[in-house]
Amino acid sequence: MVSRVRVWLNRTYAENVFFMDQLRRNPSDRAVEIHATHGDPDSPVLAAADTAELEPEGLSPAAYVEFALDQCARRGIDVFVPRLHQSAIAAHRADFEAVGTALLAPTPEAVTVFEDKIVAYEAVQAIGVPVPPWWRVRSADELVAAVEELEAGGYKACFKPASGAGGVGFRVITRAPFSLVHLNGFPSPYVHLDLVLEALRAAEEPVDWLVMPRLEQPEVSVDCLTGTDNRVRLAVGRTKNGRRRGFTLNEQWLEPARRIAEGFGLHHLSNIQFRMLGDVPVLMDVNSRPAGGLHQLSLCGINVPWLAVQLALGEDPGDVAPPFLGQDYSVVSGPRPLRPVTLPPQRAEETEMLLPAVPAQPVEAVESAAQVLPL
């Protein structure tokens, strides 16, 4: 009898409830149990897991590694998919292996390179992957110089934190006077240069921003599955152009993504994003973790989360190509249930290790993650 696989996701994105669903519906028909931890008791991943715990707040990276090792040993975790403190955890891979846990994570060196977008741009440019022009900005004067140079070249300037994820802090610079136009419709990422400069000059601490031209669509996110031998097993591009989404195997996107994944040790799951600068595809961002939209590749007939777990367990799936490319689609929000208690009910064998169980009560569903629907 094939044993169950116990997988842990720590403080992950709400959309990874679909990652969890795919693990349970794996084509190997293998029993999978999922443990989840999070700092937010209302995270839908806690409700979707078989067992769950709230994470302690304020732990240093080293202390978090100790917390994680205890979780893995106590919970019998076979595969750990870390997001929070990924670099520190990856640096202790041997310690996790000693308690029987495989890490579904890249090398610590790869995480370090891609934590800082400017370090990442310098690194990938050195191996021949095109990147947009960029400036590192820490002051108002540096911002003005970067914006003026970009505008002289015919570009709109934008900025975002040099380290960060998920588009947090992204803004586009405008010189258009504030008017009712800015108050109509939905809020936009556009912000007047004078307001940004005023905020910078009033700030008590310097910022650390990447300033670059606003890149054009299409955006192509290449999901890669890479072995510890630095060879990509799977690469598929997900295209975004307005609301329309689709898939591509065009080598103008896949070839540079493979070069990055293999060249920097982005083992297991990574997501490498490109946009257009004029008529040239350039790198936009690299995520050393599974993308929130990874589950969308199910529309191409592949279960990538399960392939990654197999690879982490040493069950190499070999080179994988999607049997077909799914039709174009759109992404819409849908409800996921939450629990009215701090933690979801635990499996019977786990309850003695956690808080006393509280009977679940029906609650109103909330929107928590994206679903994919054919157009």
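**View A. Helix α8 against the mixed sheet.** In this predicted model, helix α8, which spans residues 140-152, lies across the strands β6, β7, β8 (171-174) and β10. The direction of helix α8 makes an angle of about 150 degrees with that of β6. Helix α7 (residues 117-126) also lies across β6, β7 and β10, and α7 runs at about 55 degrees to β10.

**View B. The mixed sheet and its strand order.** The strands of this open sheet number five and follow one another in the order β6-β10-β7-β8-β9, with pairing that is mixed. At the edges stand β6 (135-137) and β9 (190-192), each of which pairs on one side only. On average, and with direction ignored, neighbouring strands of this sheet are turned by 35 degrees against each other. Strands of a sheet pair through backbone hydrogen bonds, and the pairing can be either parallel or antiparallel.

**View C. The pairing of β7 with β10.** Strand β7 (residues 157-161) and strand β10 (residues 209-213) run antiparallel and are joined by five bridges. To follow one of these pairings, the reader may begin at K160, whose bridge partner in β10 is L210.

**View D. The parallel sheet.** A sheet of five strands, open and with parallel pairing, has the order β3-β2-β1-β4-β5. Because β3 (51-54) and β5 (102-103) stand at the edges and each has a single partner strand, one side of each is left without a neighbour in the sheet. Within this sheet, strand β1 (residues 5-10) pairs with strand β4 (residues 79-81) in the parallel sense over three bridges, and W8 stands opposite F80 in β4.

**View E. Two helices on the parallel sheet.** Helix α1 packs on the sheet, where α1 touches β1 and β2 (32-38), and the direction of α1 makes about 165 degrees with that of β2. Helix α11 lies across β1, β2, β4 and β5, and α11 runs at about 110 degrees to β1.

**View F. The crossing of α1 and α11.** The axes of helix α1 (residues 17-24) and helix α11 (residues 304-312) come within 8 Å and cross at roughly 70 degrees. Because of this angle, α1 is roughly perpendicular to α11, and α1 passes α11 in a right-handed crossing. Where the two helices meet, F19, Q22 and L23 in α1 are in contact with P305, W306 and V309 in α11. Sorted by class, the residues of this contact between α1 and α11 are five nonpolar and one polar, with no charged residues.

Notes:
Residues are numbered from 1 along each chain as its sequence is written. This is a predicted model: local features need pLDDT of at least 70, side-chain atom pairs count only at pLDDT 80 or more; totals for chains, interfaces and linings use all residues. Side-chain values use heavy atoms; hydrogens and water are left out. Axes are lines fitted to C-alpha atoms, for helices over the stretch in contact, and angles run from 0 to 180 degrees between N-to-C directions. Helices (H or I, at least four residues) and strands (E, at least two) are DSSP runs, numbered from the N terminus. Angles under 35 degrees count as roughly parallel, over 145 as roughly antiparallel, 65 to 115 as roughly perpendicular and the rest as oblique. A crossing is left-handed if the near helix is turned anticlockwise from the far one by less than a right angle, and right-handed if clockwise. Contact means heavy atoms within 4.5 Å. Ala, Val, Leu, Ile, Met, Phe, Trp, Tyr, Cys and Pro count as nonpolar, Asp, Glu, Lys and Arg as charged, and the others, Gly among them, as polar. Two strands pair if DSSP finds at least two bridges between them.
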